[in-house]
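Here is a quick tour of one protein chain. Have a look at the sequence and the model first, then read on for the details worth clicking on.

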Amino acid sequence: MSSSPTPPPGARRPGRAVAGVLLPAAQKAAASRLFARIAPKVFPPADRLLYRLTGGRVQLARWAVPSLMLTTRGRKSGAPRRAPVACLPERDRTPRSFLVVGSNFGRENHPAWTHNLLACPEASVNYKGREIPVTGALLSPEEKAEVWGALNAMWPYDSYASRAGREPRVFRLTPRPDAG
């Protein structure tokens, strides 16, 4: 029985090295108007298909940023609505929560999922294949200011906000006590 060697302390995993090269390029591309026109037509439908095929274990965006599949209740229809969303896991909070930004790829309107969360904050997320019931809370301007720098370090949300001409909504998704 062979075992793989233990990497030396501080060694980077190959995946992180690749991400270290690709992520800045992806962030630069994401800030472009061309990305804003093409990405909404490609990535969400592809991620919804991958969600169905893999039970949420695979998402395209996850190679660049942490991502989850958010399921909200349609504010008009009441039907479940799924949206792939980049997230910032808050590992230092108890319970662990997720920050999500209603950037809509820098387009003029807020994404539908933000309207749905405002109408009905009870939702669920699939994060790395695990289904978690959550409650969404819109951050106050002060709360948003506290986390905005960390969100921008992850993805170019400032460029999205500038292009859209609106302030993106930022939500904290907190696991519900009944999440088990």
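What percentage of the 180 residues of the chain count as buried? The figure comes to 42%. Keep in mind that this is a predicted model.

**Overall layout**

The chain has five helices and six strands. Walk along the sequence and you get the pattern α-α-β-β-β-α-β-β-α-α-β.

**Aromatic pairs**

The structure holds four aromatic pairs. Two of them are set out here, with their geometry.

| Pair | Centre to centre | Angle between planes | Class |
|---|---|---|---|
| F98 and Y127 | 4.9 Å | 55 degrees | tilted |
| W148 and Y157 | 6.1 Å | 40 degrees | tilted |

Why does the pair of F98 and Y127 count as tilted? Its planes sit at 55 degrees, and tilted covers what is neither under 30 degrees (stacked) nor over 60 (edge-to-face). F98 belongs to strand β3 and Y127 to strand β4, so this pair ties together parts that are 29 residues apart in sequence. Are these two residues buried or exposed? F98 is buried, and Y127 is buried as well.

Over at the other pair, W148 and Y157 are both buried too. W148 and Y157 also join up with Y160, as ring pairs link these three residues into a cluster.

**Backbone oddities in two loops**

As a rule, most residues other than glycine have a negative phi, and most peptide bonds are trans. Two spots in this model are worth checking with that in mind.

Which residues does a cis peptide bond join? They are T94 and P95, with omega at about -5 degrees. P95 sits in the loop that runs between β2 (80–90) and β3 (97–102).

The other spot is K128, a residue other than glycine with a positive phi, near 55 degrees. Look for K128 in the loop between β4 (122–127) and β5 (130–138). Why does K128 count as exposed? Its relative accessibility is 51%, and the cut-off for exposed is over 50%.

**A positive patch**

Now turn to the surface. Which residues gather there in a patch of positive charge? They are R33, R37, K41 and R107. One of them, R37, lies in helix α2, which spans residues 33–54. R37 has a relative accessible area of 55%, so this arginine counts as exposed.

Conventions: Residues are numbered from 1 along each chain as its sequence is written. This is a predicted model: local features need pLDDT of at least 70, side-chain atom pairs count only at pLDDT 80 or more; totals for chains, interfaces and linings use all residues. Side-chain values use heavy atoms; hydrogens and water are left out. Helices (H or I, at least four residues) and strands (E, at least two) are DSSP runs, numbered from the N terminus. Buried means under 20% relative accessible area, exposed over 50%, partly exposed in between (1.4 Å probe, protein chains only). Patches are made of residues with over 30% relative accessible area and no salt bridge: like charges are joined within 9 Å, nonpolar side chains (Val, Leu, Ile, Met, Phe, Trp, Tyr) within 5 Å. Accessible areas come from the Shrake-Rupley method with a 1.4 Å probe; for residues, only the protein chains shown count as cover. A salt bridge is a side-chain nitrogen of Lys or Arg within 4 Å of a carboxyl oxygen of Asp or Glu. Lys and Arg count as positive and Asp and Glu as negative; His and the chain ends are not counted. The place of a charge is taken as NZ of Lys, CZ of Arg, CG of Asp or CD of Glu. Rings of Phe, Tyr and Trp (its six-membered ring) pair if their centres lie within 6.5 Å; planes under 30 degrees apart count as stacked, over 60 as edge-to-face and the rest as tilted.
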